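Please open the structure in your viewer and keep the sequence beside it, so that each selection can be followed from one to the other. The tour moves from stop to stop, and at each one you are told what to select and what is there.

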Amino acid sequence: MPEPAPAPRARTTPPADSTPGTTPDITPDGSTDGTSAPDRRSSTVLWIACAAQFMVVLDVSIVNVALPQVRDSLGLSPAGLQWIVNAYTLGFAGLLLLGGRLADLIGAKRAFTTGLAAFTTASLVCGLAGNGPLLIAARATQGVGGAMLAPATLTLIMTTFTEPRARTRAMGAWSAVMAAGGAAGAVLGGVLTQYAGWRWVFFVNVPIGMVLVVAAVRSVPVGQRPRAGRRLDLPGALTVTLGLTLLTYGIVATETHPWGAPQVWAPVAAALALLTAFAVIEARTAQPLVPLTILRRPVLVLANATVFALGAAMFAMWFLLSLYFQQVLLWDPLRAGLAFVPGALAIIAGARIATRLIGRTGARPLMVLGTAVSTAGFGWLSQITADGSYATDVLPPFVLCTLGLGLATMPLTVAATAGSRPEEAGLASGLVNTSRQVGGALGLAALASVASHTAASHGGTAAQAATAGYGRALLAAAAFTTVAALLALALPGPRAARG
């Protein structure tokens, strides 16, 4: 009787026609061929990366419903309360591009564990903070840690999953987790604030972060070592970080100042000057932070522009609906948070559908379909009234908005990162995250301004005026998703992408 064949060994090298860290069979359009299943270690890396990304995105929205308790506990002014949110946004958006490049220069594992440790420690300090300045400083540190961590999670996936079908599934899981984080933050924030107190919206990160650090040290492979002689482009890093930080600062300042105020245009003008200087530096330096040649790829530029426009609409949606639930419908934080659960489920469903279809359809049809579905949802959602019903006036269009987001997010990420060389994986990841975060900050500021100005000029009761503002802002969000749909439609098809 012949002996049974030995069990197949886990593959430690990519197939002959691929290179580690590249996307050999995923075209910029996102179509795939080939099959593979990740081994146990790869599955562990995926779990670690998705959990860390979820924690980072969660922290963008989890604090919102806790702000009234924070104000009462620490005696903060409205401006101080605003900076609890803005400090995280500034640290996160301003350093994302640098964080992505660091993953290329020091290795994805080291960038991941360093960012995760900083994020977890800052979360502990936030929960223990006894005054506003310390809480704001710790929130900024959280943002810095998140800026290193978020690009590293995607880089780990890109360099771990080299076979097409496995990478598609992994990116589908990562995209679903990332997209659902905003809704989950509102839900979890409502539960923790109502039953455990505001400090637990920060403490909840600590045990999760500690477990993930240990798991990453034990399970995430070191990967390819950075090539000798590579160095960080310090002038480029300084100008782009300051430029993005000042741009974000100017954007968030519109929440309390008109667009023509010096508090807005001065930092924006300085940001534009710094970003122009950054482009000049990158064109002349031997080892640029962002090689300008990468911007010659039409697919990458169009995909990131689509991410920017979609993020502008979606970030504002969470914020506007949260205000509508609590200030117009007068719901408590828990009920308002639970109202976002169907949206989180719709995002996950959309991402699963996209993961199953992208191998047959490519990325472009899914991006166009997803952004078009979201546009229809926003147009419908803009018709909300002060005495509207959640079940009939909010839930159906809200599910359309989030289903479209789920359909579009993973194909967009695939299109924006496909074809990246190993030494560019972190940079491509940082560009995607930067486009989403800066687009979200700009969209939130612009649409919040639309809502406030509309409400101020509207007659009727306070609830009717506020609802009119939210409706107008949601209609403007539909314009952003329409732009996203047109940009997605402009992406080249499979043949052009391959050629």
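The stops below take in aromatic rings, a surface patch, a helix residue and the cysteines.

Before selecting anything, bear in mind that this is a predicted model.

**Aromatic rings**

Begin with the aromatic side chains, for which the count comes to 11 aromatic pairs. Select Trp318 and Phe340, whose rings form an edge-to-face pair, with 5.8 Å from centre to centre and 65 degrees between the planes. This pair links distant parts of the chain, since Trp318 belongs to helix α11 (residues 298-328) while Phe340 sits in the loop between α12 (333-338) and α13, 22 residues apart. If you turn on the surface, you can check that Trp318 and Phe340 are both buried.

Next select Phe325 and Trp331, whose ring centres are 4.9 Å apart with the planes at 15 degrees, so this pair is stacked. Phe325 counts as buried at 1% relative accessibility, and Trp331, at 12%, counts as buried too. To see the wider setting of these rings, add Tyr324, Tyr390 and Phe398 to the four residues already selected, and you will have one aromatic cluster on the screen.

**A nonpolar patch on the surface**

Now select Leu338, Val341, Leu345 and Ile348, which form a nonpolar patch on the surface with about 330 Å² of accessible area together. Which helix gives the most to this nonpolar patch? It is helix α13 (residues 341-361), which gives 3 residues. One residue to pause on is Val341, which has its place in helix α13 and is partly exposed, with a relative accessible area of 31%.

**A threonine in helix α4**

Move on to Thr121, which you will find in helix α4, running over residues 108-128. Is Thr121 buried or partly exposed? Its relative accessibility is 49%, and Thr121 therefore counts as partly exposed. Show the side chain of Thr121 as sticks, and you can find one of its polar atoms 2.9 Å from the backbone oxygen of Ala117. Then add Gln142, which is 21 residues from Thr121 along the chain, although the C-alpha atoms of the two are separated by 8.2 Å.

**The cysteines**

For the last stop, select Cys50 and then Cys401. Cys50 counts as buried at 9% relative accessibility, and Cys401 counts as buried at 0%. How many disulfides does a search of the whole structure find? The search finds 0 disulfides.

How values were computed:
Residues are numbered from 1 along each chain as its sequence is written. This is a predicted model: local features need pLDDT of at least 70, side-chain atom pairs count only at pLDDT 80 or more; totals for chains, interfaces and linings use all residues. Side-chain values use heavy atoms; hydrogens and water are left out. Patches are made of residues with over 30% relative accessible area and no salt bridge: like charges are joined within 9 Å, nonpolar side chains (Val, Leu, Ile, Met, Phe, Trp, Tyr) within 5 Å. Accessible areas come from the Shrake-Rupley method with a 1.4 Å probe; for residues, only the protein chains shown count as cover. A salt bridge is a side-chain nitrogen of Lys or Arg within 4 Å of a carboxyl oxygen of Asp or Glu. Helices (H or I, at least four residues) and strands (E, at least two) are DSSP runs, numbered from the N terminus. Buried means under 20% relative accessible area, exposed over 50%, partly exposed in between (1.4 Å probe, protein chains only). A disulfide is a pair of cysteine sulfur atoms within 2.5 Å. A polar contact is a pair of N or O atoms within 3.5 Å; within protein, one must be able to donate a hydrogen and the other to accept it, and residues adjacent in sequence count only if both atoms are side-chain atoms. Rings of Phe, Tyr and Trp (its six-membered ring) pair if their centres lie within 6.5 Å; planes under 30 degrees apart count as stacked, over 60 as edge-to-face and the rest as tilted.
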